[in-house]
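Welcome, and please open the model in your viewer. We will go from one selection to the next and say what is there at each stop.

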Amino acid sequence: MSNAVSALQAKTYAGFAEIEEAGLRGMITLRGDLSSTKVKNAATGAASVDFPGMGECNCVDEKGVAWMSPDELLVMTPYADAQPAAEKIAKTLAKTHALVANVSDARAVFFIRGPNAREVIAKLAPVDLSPDRFKPGQFRRTRLAQVPAAFWMRDAETFELICFRSVAGYVFDLLCNAAQPGSEVGAF
Amino acid sequence: MLILTCPYCGVEADETELQAGGEAHIKRETVGSSDEDFEDYLFARQNPKGIHFERWRHVYGCGKWFHVARCTNTLEVFGTYSAQTTEPPQDIRDKISGKRPGWSWGIFS
C-alpha cells in the first residue's frame with residue numbers, strides 16, 4: 001500500500017498563536033435521518049463519544065462526532081481506522097436510508113493554540129468569536145477568507161480546524177498571516 | 001450587512017456565508033400552462049422597495065435552502081423559515097402586519 005501523508009506533513013508556525021497541521025485524520029461523512037437511533041448508534045459506536053447536539057462536536061483525542069447539518073455527521077477516527085469503521089457503519093446501516101463515505105484523504109486538519117488563538121480565527125471567519133458566544137464544544141461550519149472550513153474548540157485555548165485538502169496550503173498561509181507577531185488586535 | 005439566522009442549523013450567518021436564490025414562492029408552470037403563464041414563471045420577478053420574500057442558501061454552512069422575509073429598503077429582517085412550504089407561515093405574516101400594517105406581496109398580504 002502507498003505511504004499516506006498529510007497535505008503539509010505537520011508543518012508548524014509560531015506566531016502570536018501556534019499553528020500546526022495536525023497530520024492525517026480519519027473522517028467519515030455520514031448522512032441520514034439524525035433522529036434515527038440506528039444512525040446515532042452507528043456514529044457513536046465508531047467514535048466512542050456521546051451524540052452531539054445541534055451545532056456541537058464531541059471529541060476525545062482523534063475520535064469524535066461533529067454535527068454538520070440536520071442530516072449530516074462527521075465521524076472522526078484515527079486515520080488507519082477510518083476505512084474499517086466506514087465499512088462497519090455501512091454494514092450496520094445497510095437497511096437504513098443513509099450514506100457513508102470515507103473522506104479522510106479529502107481533508108486537512110489544523111490546530112491553532114495559544115491564549116490568542118481566538119483572535120486568529122476571528123480575523124478570518126465571519127463568526128462571533130467572543131468568549132461568551134463561542135465556547136468549547138460548539139462546532140461551526142463557515143468560510144475562512146475564500147474557502148469553506150469548519151472549526152471547534154478543544155479547550156479554551158485550542159482550536160481545531162478542518163478544510164479541504166486541496167486548499168490546505170492556502171489555509172496554512174492564511175492562518176500564519178493572521179497570527180503574525182505584532183498583528184494582535186486584542187479584541188477579546 | 002445582512003445577517004440571517006439559518007432555520008436549519010440556528011447559525012447567525014452574514015451574507016458572505018450565504019448565497020442569494022432570488023424570489024420565493026414561485027409556482028412552477030408546466031405541462032398545460034398557457035404561453036403567457038409560462039413566460040411569467042420564467043422571466044417575471046418582483047423587485048419591490050419594501051417587503052420581500054426571498055430564497056437563500058446557507059452555502060458555507062449546512063448547505064440548506066431556506067426562506068427569508070425582509071425589507072429591501074431598511075434591510076430589516078422579519079424572519080427566516082423552512083423551505084418546505086409554499087407560503088409564508090402565519091407567525092411571520094403576523095410579525096410583518098404588526099410592523100407594516102396593510103402590506104401585500106404577490107398573492108400574500
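Contact here means heavy atoms within 4.5 Å. Keep in mind along the way that this is a predicted model.

**Stop 1: chain B, coloured by confidence**

Select chain B and colour it by pLDDT. Its mean is 95, and 100% of its residues reach 70 or more. Where in chain B is confidence lowest, and where is it highest? The lowest mean, 94, belongs to strand S2 (residues 12-14) of chain B, while strand S5 (residues 65-71) of chain B has the highest, at 97.

**Stop 2: chain A as a whole**

Now switch to chain A and show it as a cartoon. You should find four helices and eleven strands. The radius of gyration of chain A is 17 Å and the globule rule gives 16 Å for 188 residues, so chain A is as compact as a globular protein of that length. Turn chain A along its principal axes, and the C-alpha trace spans about 55 × 40 × 25 Å.

Add a surface to chain A next. About 8,600 Å² is exposed, with carbon and sulfur atoms supplying 50% of that area. Of the 188 residues of chain A, 48% count as buried. If you draw the contacts in chain A that have a separation of 6 or more, 62% of them come from residues 24 or more positions apart. For a last look at the whole chain, colour the charges: chain A has 20 positive and 21 negative ones, and their mean positions are 6 Å apart.

**Stop 3: helix H3 of chain A**

Select residues 117-124 of chain A, which form helix H3. Is this helix mostly covered or mostly open? H3(A) is mostly covered, as six of its eight residues are buried. Show the side chains of A:Ala117, A:Arg118, A:Glu119, A:Val120, A:Ile121 and A:Leu124 to see the buried ones. Their packing partners in chain A include strand S2 (18-21), strand S8 (107-113) and helix H4 (168-178). Strands S9, S10 (147-155) and S11 (158-164) of chain A also pack against these buried residues.

**Stop 4: A:Pro136**

Move on to the loop between helix H3 and strand S9 (139-144) of chain A, and pick A:Pro136 there. This proline is partly exposed, with a relative accessible area of 44%. Which residues does A:Pro136 touch, leaving aside its neighbours within four places in sequence? A:Pro136 is in contact with A:Met153, A:Asp155 and A:Ala156.

To finish, draw a C-alpha to C-alpha distance from A:Pro136 to A:Ala106: the two are 25 Å apart in space and 30 residues apart in sequence.

Terms used:
Residues numbered from 1 in each chain as written. Chains lettered and ligands numbered in written order. Predicted model: local features only at pLDDT ≥ 70, side-chain atom pairs only at ≥ 80, totals over all residues. Heavy atoms only, no water. pLDDT = per-residue confidence, 0-100. Helix = DSSP H or I, 4+ residues; strand = E, 2+ residues; numbered from the N terminus. Rg over C-alpha atoms; globule rule 2.2 N^0.38 Å. Buried < 20%, exposed > 50% of the residue type's maximum accessible area, 1.4 Å probe, protein only. Areas by Shrake-Rupley, 256 points an atom, 1.4 Å probe, with all protein chains shown as cover. Lys, Arg positive; Asp, Glu negative; His and termini not counted. Charge placed at Lys NZ, Arg CZ, Asp CG, Glu CD.
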